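Subject: Structure handover

Hello,

Here is the structure I promised to pass on. Please open it alongside this note.

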Amino acid sequence: MPPQNFVILGGGISGLTAAWYLARNAPSSTKITLLEASDRFGGWIRSTRVGEERILFEQGPRTLRPSGLGAGVILDMAAKLNLTGFIHAVGKSEPAARNRYLYYPDHLVQLPGGNLLPGLKSVVQNKFILSSLYSVLREPFIKPFKNLDDESIHNFITRRFNSTLADTLISALVHGIYAGDVRKLSIKSTFKRIFDMEQIYGSVIKGTINSKNLPTLSQKDQSWLNSLCEENKDLFALMITTSLYSFANGIEQLVHAIVNDLEARENVTIKTSHHVKELKFGKDIEVYTNDMSFNADHIISTIPSHELANLLPELPYLTHNPSVTVAVVNIAYGRPNLLPVKGFGYLIPHITPNNPYHVLGVVFDSDAMPHQDYKKDKYTKLTIMMGGHYYNDLSENDYPNKDELLSQAIETIEKHLGIYSTPLQCMAQIHKKCIPQYYIGHYSRMRELHYAIKKKYGKRLSVGGASYFGVSINDCVANSARLALDLLGNDDEKAIITGLERVEVE
Ligand SMILES: Cc1cc2nc3c(=O)[nH]c(=O)nc-3n(C[C@H](O)[C@H](O)[C@H](O)COP(=O)(O)OP(=O)(O)OC[C@H]3O[C@@H](n4cnc5c(N)ncnc54)[C@H](O)[C@@H]3O)c2cc1C
């Protein structure tokens, strides 16, 4: 029989999704409690309106990808939470979808792919792009490393393509997703599909050509996604021409809608300011927060793994991976069209010289998500992201303060983009330990963790959240929804669902 009394740790998007899926699919007699340590729900998702103009600043995530299982789940949630009318979609033909840039070595370089002519010009003018393209042509002829357990993204790309590609485009991409170091992150845990292509087809390019035969989802998940598409045909049709999307009031609008829905349900209790301090596994599970205690027959932990390690120190590898700290500076100028180019923004590879403030990338928010402000087309909005793995050696007191971050960001924008105006509104934040880093060997470590949870906690503990298999909101949501459905659909008395099942199949 599925559990009857769930306690979910953490009220970020992973915890909220798990609670929502349980609430919709469990019998109404099932008790669901969600405990969040801070005074708000949403975790790293935070959309704030500032100043008289109520300009929208995203302090964490800002855009969602419209493809894959995670997108299917989010869009279905959006439909059921009456958010469809608030979806802001950016079309595939818009500049934000077509134009992406690198800053290397001392200027913006448009990446080929979106627009043919500027793309070709870039290839001709930039040796590193030409050399990367040449390495793509050569790759199918390079002997594969079969039965490779894992290696760094940098090693993999250098081995199959060349170090120029690893040091420029790929390192920049990794800054954009993980704020991480391409030389330390695991290829198998970050870009599993391309890792598999070498193992199965002997080459990434051959694998790409055959990608139709290489399913991205298990059969079970594919038929789930198909049924979500079938149920929300219009929404999925819109997504075919969409490059990325968000909501009218930012991504936090999704969080508010989930929270409101959960609060209206009698069998669900969700609480902020409840920091879980201790878990006692006896006949029942006792959960102690700073304030109260709760009973459960199943715990779903969606808190970062280093936090779970404080509660269950005997579980292996919860603290093995560090999480990087990222500085986020939002700036809005009181005039539109100040940018020298139109596009999503630019990323900065680790080999770009003269990057004293460790800038990872800059998002052109007024192009990337143009219609979220009440006054349309009045501002130029940017977000500058700094730090990440570059901050790894700093201690707590060494992080730049908010004023320093602002002046570093403004100086960067002057130098890179030639914008010398005074900002109308700005905001700076340091997000400590915000993105987990899947270091080499992560997959094998998760296998050990999976079996340790099975052995020690049997059917009473599952884990989810960004620490395990995917940091994007799409991944977090898909994993939590899958976990909730697996727990409820588990009629097999012996089956144990830890949330890490994929390590058994692959
Ligand atoms: C700056 C930034 C930009 C990003 N941009 C994007 C983007 O554009 N697109 C995208 O898809 N993804 C993006 N991401 C990634 C994505 O936002 C996160 O990976 C995702 O939100 C993580 O959600 P989560 O619920 O797993 O974890 P969290 O958001 O970390 O939530 C965990 C929650 O647990 C709580 N908690 C911790 N310890 C305890 C305890 N002991 N008891 C109770 N509660 C506890 C925390 O307070 C927190 O609210 C970005 C992330 C950052 C930081």
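Below is what was found, taken in turn: the ligand, the cavity, one residue beside it, and a pocket.

One caution before you start: this is a predicted model.

**The ligand**

Start with the ligand. It is surrounded by 31 residues. The closest are Ser-14, Glu-36, Val-276, Val-471 and Ile-473.

Three polar contacts are worth finding on screen. Arg-62 has a polar backbone atom 3.2 Å from an oxygen atom of the ligand. Thr-63 places a backbone N or O atom 3.1 Å from a ligand nitrogen. His-275 uses its side chain instead: an N or O atom there is 3.3 Å from a nitrogen atom of the ligand.

**The cavity**

Now look for enclosed space. The count comes to one cavity of 30 Å³ or more. The largest cavity has a volume of about 80 Å³. Strand S4 (55-58), strand S14 (323-333) and strand S17 each give two or more residues to its lining.

Which residues line the largest cavity? From the earlier part of the chain come Leu-56, Phe-57, Glu-58 and Arg-62. Asn-330 and Ile-331 follow. Then come Asp-365, Met-369 and Gln-372. Lys-381, Leu-382 and Thr-383 complete the list. By type, the lining holds five nonpolar, three polar and four charged residues.

Arg-62 is a useful landmark here. Its backbone has the contact with a ligand oxygen, and Arg-62 also lines the largest cavity.

**Asp-365**

Asp-365 is another residue of the cavity lining. It sits in helix H15. Is Asp-365 buried or exposed? Its relative accessibility is 10%, so it counts as buried; the cut-off for buried is under 20%.

What does Asp-365 touch, leaving aside its neighbours within four places in sequence? Its contacts are Arg-62, Pro-370, Lys-381, Leu-382 and Thr-383. Of these, Arg-62, Lys-381, Leu-382 and Thr-383 also appear in the cavity lining.

**The second largest pocket**

Pro-370 leads on to the last stop. It is one of the residues nearest the centre of the second largest pocket, along with Lys-342, Ser-366, Asp-367 and Asp-377. The lining has 21 residues in total. About 330 Å³ of space lies in this pocket.

Helix H3 (95-98), helix H15 (365-368) and strand S17 (380-388) each give two or more residues to the pocket lining. By type, the lining divides into eight nonpolar, four polar and nine charged residues.

Strand S17 is worth colouring: it contributes to the lining of the cavity and to that of the pocket.

Best wishes

How values were computed. Residues are numbered from 1 along each chain as its sequence is written. This is a predicted model: local features need pLDDT of at least 70, side-chain atom pairs count only at pLDDT 80 or more; totals for chains, interfaces and linings use all residues. Side-chain values use heavy atoms; hydrogens and water are left out. On a 1 Å grid over the protein atoms alone, a cavity is a set of points where a 1.4 Å probe fits but cannot get out, and a pocket is an open set with protein on both sides within 12 Å along at least five of seven lines; lining residues have an atom within 4 Å of a point. Grid points are joined across faces, edges and corners, and a volume is the space filled by probe spheres set on the points. Helices (H or I, at least four residues) and strands (E, at least two) are DSSP runs, numbered from the N terminus. Ala, Val, Leu, Ile, Met, Phe, Trp, Tyr, Cys and Pro count as nonpolar, Asp, Glu, Lys and Arg as charged, and the others, Gly among them, as polar. Buried means under 20% relative accessible area, exposed over 50%, partly exposed in between (1.4 Å probe, protein chains only). Contact means heavy atoms within 4.5 Å. A residue is near a molecule or strand if one of its heavy atoms lies within 4 Å of it. A polar contact is a pair of N or O atoms within 3.5 Å; within protein, one must be able to donate a hydrogen and the other to accept it, and residues adjacent in sequence count only if both atoms are side-chain atoms.
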